[in-house]
Amino acid sequence: MTLEIIGTGKCLPKAAINNQFLETVVDTSDEWISSRTGIHKRHLASKETTASMAVEAAKQAIENANINAEDIELIITATISPDYAFPSTACMVQQAVGAVNAVSMDLSAACSGFIFAINTAYAYIRAGIYKTALLIGTETLSRHIDWADRSTCVLFGDGAGAAVVKSSKRGLIGLEQGSDGQKGMVLNCRYPEVSNPLNQRVAVPGYVQMEGQEVFKFAVKKVPECIDALLEKEHMTHADISWYLLHQANIRIIQSIAKRLREPLEKFPSNLEQYGNTSAASIPILLDEVHRSGQIKKGDKLIMAGFGGGLTWGACLLEWTID
Ligand code: ACO
């Protein structure tokens, strides 16, 4: 038994800012941002929250899957920007969509979060513990950005994507995932230090910090290795794969990965031009768009691959089963 994706959804904040707007915020230019990242615009939360966008994406996915919320037995929400330390975003979604029978939890694996969520649901479903799961990637990373730091503030956007999966004979074929805590600090965001009666400190908020070139090198090496290891394990080749849905961090990372895999860029759908890097939300947002536009056809094989903070990386290989 494996899992298949039976419905998807997404939610982007209403408001968006383009690169020209950012020129008024920090010392940058549309030319610098576009040529180094491929990003032109990003949506930023104002009234929306991590949970409210997750709920909207989840409702769309449930409707698209044509199931009742009561059928959901497991909700996993991948996020590194929850509104509350607790309750989890997943529990907030459970309440809002009426998934009264679901066990609900959040998962923290940065931009690999949605892939880790699929792979975790796969393990539960294969073990026969649950049959139907709601998986979400949702972020308001704009709350963790230092808007005076031009090296990071131009890269990220807010949003959410979701998928409903259920046990099936066809669908997910295989997965590969990994972590390297030794390199964790090349991409980090820390909480304020502990302050209590024994140890009084000023609570300074932490912002996203990144060694950009280290992250770039990590992504363009690790993702092709991970994809090739997965294909080898499943006795498949690049020719079997119709689509690669990669984490939408940077167009130059995607181009570089395509080149290393010797695959045409046409197999790598991308929306980062419009949304920037939405971390755990980027893959499910893209998945929803290629599904609803009819780009992915029943029987197509696709690889979804994420990479990010931790460091973490992961990929899953699926056959698309929706008509
Ligand atoms: N506008 C104008 N100039 C800038 C900006 C900006 N927004 N940001 C940095 N610069 C300047 C720097 O100050 C530096 O100036 P200097 O030479 O005078 O010191 C110059 O541009 C070059 O800076 P680098 O950091 O070396 O720029 P680089 O070519 O490495 O590009 C980038 C930066 C785009 C972040 C690149 O390293 C990259 O793509 N890294 C991948 C990381 C990534 O995508 N992270 C996303 C989050 S992680 C994830 O999702 C997995």
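These are my notes on salt bridges, pockets and one histidine in a predicted model.

**Entry 1: salt bridges**

I began with the charged pairs, and the count came to 13 salt bridges. I then went through several of them one at a time.

I looked up Asp-27 and found its side chain in a salt bridge with that of Arg-150, at 3.7 Å from N to O. Asp-27 sits in the loop between helix H1 (19-22) and helix H2 (30-37), and Arg-150 belongs to helix H6 (residues 150-153), so this pair ties together parts that are 123 residues apart in sequence. I checked how open both ends are. Asp-27 is exposed, at 63% relative accessibility, and Arg-150 is partly exposed, at 48%.

Next I took Asp-83, which forms a salt bridge with Arg-143; their closest N and O atoms are 2.4 Å apart. This pair, too, links distant parts of the chain, the residues being 60 apart. I placed Asp-83 in the loop between strand S4 (74-78) and helix H4 (89-97), and Arg-143 in the loop between strand S6 (132-139) and H6. Asp-83 counts as partly exposed at 23% relative accessibility. Since the cut-off for buried is under 20%, I did not enter Asp-83 as buried. Arg-143 is partly exposed as well, with a relative accessible area of 38%.

I also noted Lys-183 with Asp-180, a salt bridge whose closest N and O atoms are 3.5 Å apart. Lys-183 is partly exposed, with a relative accessible area of 43%, and Asp-180 is partly exposed at 22%. Lys-221, Lys-222 and Glu-225 I recorded together, as they are linked in a network of salt bridges.

**Entry 2: the largest pocket**

I turned to the pockets and wrote down a volume of about 980 Å³ for the largest. It is lined by 39 residues, and those closest to its centre are Phe-156, Leu-187, Val-208, Met-210 and Val-215.

Which element gives the largest share of this lining? I found that it is H7, with four residues. At least two lining residues each come from H2, strand S9 (187-188), strand S10 (209-210), helix H7 (212-233), helix H8 (251-261) and strand S12 (301-308). Sorted by class, I have 19 nonpolar, 17 polar and three charged residues in the lining of the largest pocket.

**Entry 3: the second largest pocket**

For the second largest pocket I noted about 200 Å³ of space. Its lining consists of Asp-180, Lys-183, Val-186, Glu-214, Lys-217, Phe-218, Lys-221, Lys-222, Leu-311 and Trp-313. I recognised Asp-180 and Lys-183 from the salt bridge between them, and Lys-221 and Lys-222 from the network with Glu-225. H7 gives the largest share of this lining, five residues. How many residues of this lining are charged, polar or nonpolar? I wrote down six charged, four nonpolar and no polar residues.

**Entry 4: His-43**

Last, I looked up His-43, which lies in strand S3 (residues 41-43). Is His-43 buried or exposed? With a relative accessible area of 11%, His-43 is buried. Its side chain reaches the backbone oxygen of Pro-13 at 2.6 Å. I then listed the contacts of His-43, setting aside neighbours within four places in sequence. They are Leu-12, Pro-13, Lys-14, Ala-15, Ala-16, Gly-157, Asp-158, Gln-274 and Tyr-275. Pro-13 is thus entered under both headings, as a contact of His-43 and as the residue whose backbone oxygen the side chain reaches.

Notes
Residues numbered from 1 in each chain as written. Predicted model: local features only at pLDDT ≥ 70, side-chain atom pairs only at ≥ 80, totals over all residues. Heavy atoms only, no water. Salt bridge = Lys/Arg side-chain N within 4 Å of Asp/Glu carboxyl O. Buried < 20%, exposed > 50% of the residue type's maximum accessible area, 1.4 Å probe, protein only. 1 Å grid on protein atoms, 1.4 Å probe; cavity = no way out; pocket = protein on both sides within 12 Å on 5 of 7 lines; lining within 4 Å. Points joined across faces, edges and corners; volume = space filled by probe spheres on them. Nonpolar A, V, L, I, M, F, W, Y, C, P; charged D, E, K, R; others polar. Polar contact = N/O pair within 3.5 Å; in protein donor to acceptor, adjacent residues only side chain to side chain. Contact = heavy atoms within 4.5 Å.
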